[in-house]
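Visitor: Could you walk me through this model?
Guide: Gladly; here it is.

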Amino acid sequence: MTESLSIPRPDDWHLHLRDGAMLQGVLPETTRHFARALVMPNLVPPVVTAADARAYRERIRAVVPEGSDFTPLMTLYLTESTDPADVAAAADEGLIAAVKLYPAGATTNSDSGVRDFAAVRAVLERMAEIGLPLCVHGEVTDPSVDIFDRESVFIDTVLEPLRRATPGLRVVMEHITTSQGVDYVRAGGPNIAATITTHHLILNRNHILAGGIRPHYYCLPVAKRESHRLALREAATSGEARFFLGTDSAPHIDALKEHACGCAGCFTATNTLPILAQVFEDMGALPQLEGFVARHGAAFYRLAQNAGTLTLVRRATPLALPDKILTGAGPVTLFDPGFPLFWHVTP
Ligand code: DOR
Ligand code: ZN
C-alpha cells in the first residue's frame, strides 16, 4: 500500500473567500495547502469591473498569512452591463483569469447575473477572441424545472446554444454534478473543461435528506442520485485533463446554515486534500491525484504548474480536525466526509 505521495503544490479552481472578517478567518484554510485559487466574485455587491477585482485582490493580499506565497486569481462577475473593453484590459494586464456566469437567481448572490444572453453577446465574443475562459454556473433557474434536473436542462437549453453561437469560447463548467455533465464535457473538444468539487465526490442526495435534514450537506448545484456521484468519481480519477479540482468551498456561518431557509455551500478548504487522497486511493487511482489537483487546471488556464511540492502521508491515526473554524464573522462548520481521514498533509 502506498504510504506517502508527493505532488506539485495544488490549485483550487473554484473558491469562495467572501470579504472582511470571514475572508480573514477562512483564507488560512486555503493557503495552508494551495498555492493558487480562482476566487469567485459573488460578493455583495459583486466584483463586476476590473477596478472591483483590483480592490478585492488587495483586500485578499492584505490578509494572506505571513510566510505564504499564495496567489489569488481573480474573476469578474458577468452582468448585462459588463463592458467588453474593461474585461479585455483586465485580462491583458493579468488581473483576471476568468469571467463567471451566474444565471440570475441560480444561487447565492446571483441576483445581478444574466437573464438575457443577447445582452452579454459582445463580452462573450471578445472573450472568445482573447481566449479568456468563461466559468459557468450550469443550472437553469426556471422554477418549473425540478431542482435535480436543472444542470442537464441547462446543458441542452443554455450551454449548448451559447457555445454554438460563440465559436472558440473557452468554457469551464463549474462543479458538475451529473453524468450528463461528465458526458457533455467529454464530447465537447478542447474548449471545454469542468471542475469537480470534493463534496460531490462524497455526497448523494440521500446524505442530505435521509434520516433527517443535514444542512451542512446542502449546496448548489445540489448533490444528485448515487449513479451521478459514481460518474463524477470515475471522471475525477480518470486522468483526463478536462477534469480538475474546484472545491467550491463556500463558507457560511452556522446560524445561516442551520436555519429555516439555510444557505447553500459546503466548507471544504481545510480537509479537501486528505479527503481526495482517500477517494483516489479507494478508486485505485492515487497516481491520478496530482493531475486532478495540480496539473490539469493550470494547463487549461494556460498557466505554469506551481513550483514546490506537497506531501501526503498515510498514518495509522486519523486526522484530528475541529468541527468548526472560528471566524470573526461567526463559526463555520467544516465539511464532514463521514469517514476518518488517514492521509495527513505534512509540512
Ligand atoms: O453551494 C454553493 N454555494 N453554490 C454556489 O453556487 C454558491 C456558493 C456560495 O457562494 O455560497
Ligand atoms: Zn461556487
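What follows is a short set of questions and answers on a predicted model.

Visitor: Which strands stand at the edges of the open sheet with the order 1-10-13?
Guide: This open sheet has 3 strands, and their pairing is antiparallel. An edge strand has a single partner strand, so one side of it is left without a neighbour in the sheet. That description fits strand 1 (4-8) and strand 13 (343-346).

Visitor: Over how many bridges do strand 10 and strand 13 pair?
Guide: In general, strands of a sheet pair through backbone hydrogen bonds, either parallel or antiparallel. Here, Arg314 stands opposite Trp343 in strand 13. Strand 10 covers residues 309-314, and its antiparallel pairing with strand 13 runs over 4 bridges.

Visitor: At what angle to strand 1 does helix 11 run?
Guide: Helix 11 is made of residues 289-300 and lies across strand 1 and strand 10. Its angle to strand 1 is about 25 degrees.

Visitor: Which residues lie closest to the centre of the largest pocket?
Guide: The largest pocket holds about 320 Å³ of space. Its lining takes two or more residues from each of helix 2 (50-61), strand 4 (71-77), helix 3 (84-92) and strand 5 (96-101). Of the 20 lining residues, the closest to the centre are Ala91, Ile96, Ala97, Leu132 and Tyr301.

Visitor: And how many residues in that lining are nonpolar?
Guide: Sorted by class, the lining of the largest pocket has 2 polar and 5 charged residues. The count for the nonpolar class is 13.

How values were computed: Residues numbered from 1 in each chain as written. Chains lettered and ligands numbered in written order. Predicted model: local features only at pLDDT ≥ 70, side-chain atom pairs only at ≥ 80, totals over all residues. Heavy atoms only, no water. Pairing = 2+ DSSP bridges. Contact = heavy atoms within 4.5 Å. Axes fitted to C-alpha atoms, helices over the stretch in contact; angles between N-to-C directions. 1 Å grid on protein atoms, 1.4 Å probe; cavity = no way out; pocket = protein on both sides within 12 Å on 5 of 7 lines; lining within 4 Å. Points joined across faces, edges and corners; volume = space filled by probe spheres on them. Nonpolar A, V, L, I, M, F, W, Y, C, P; charged D, E, K, R; others polar.
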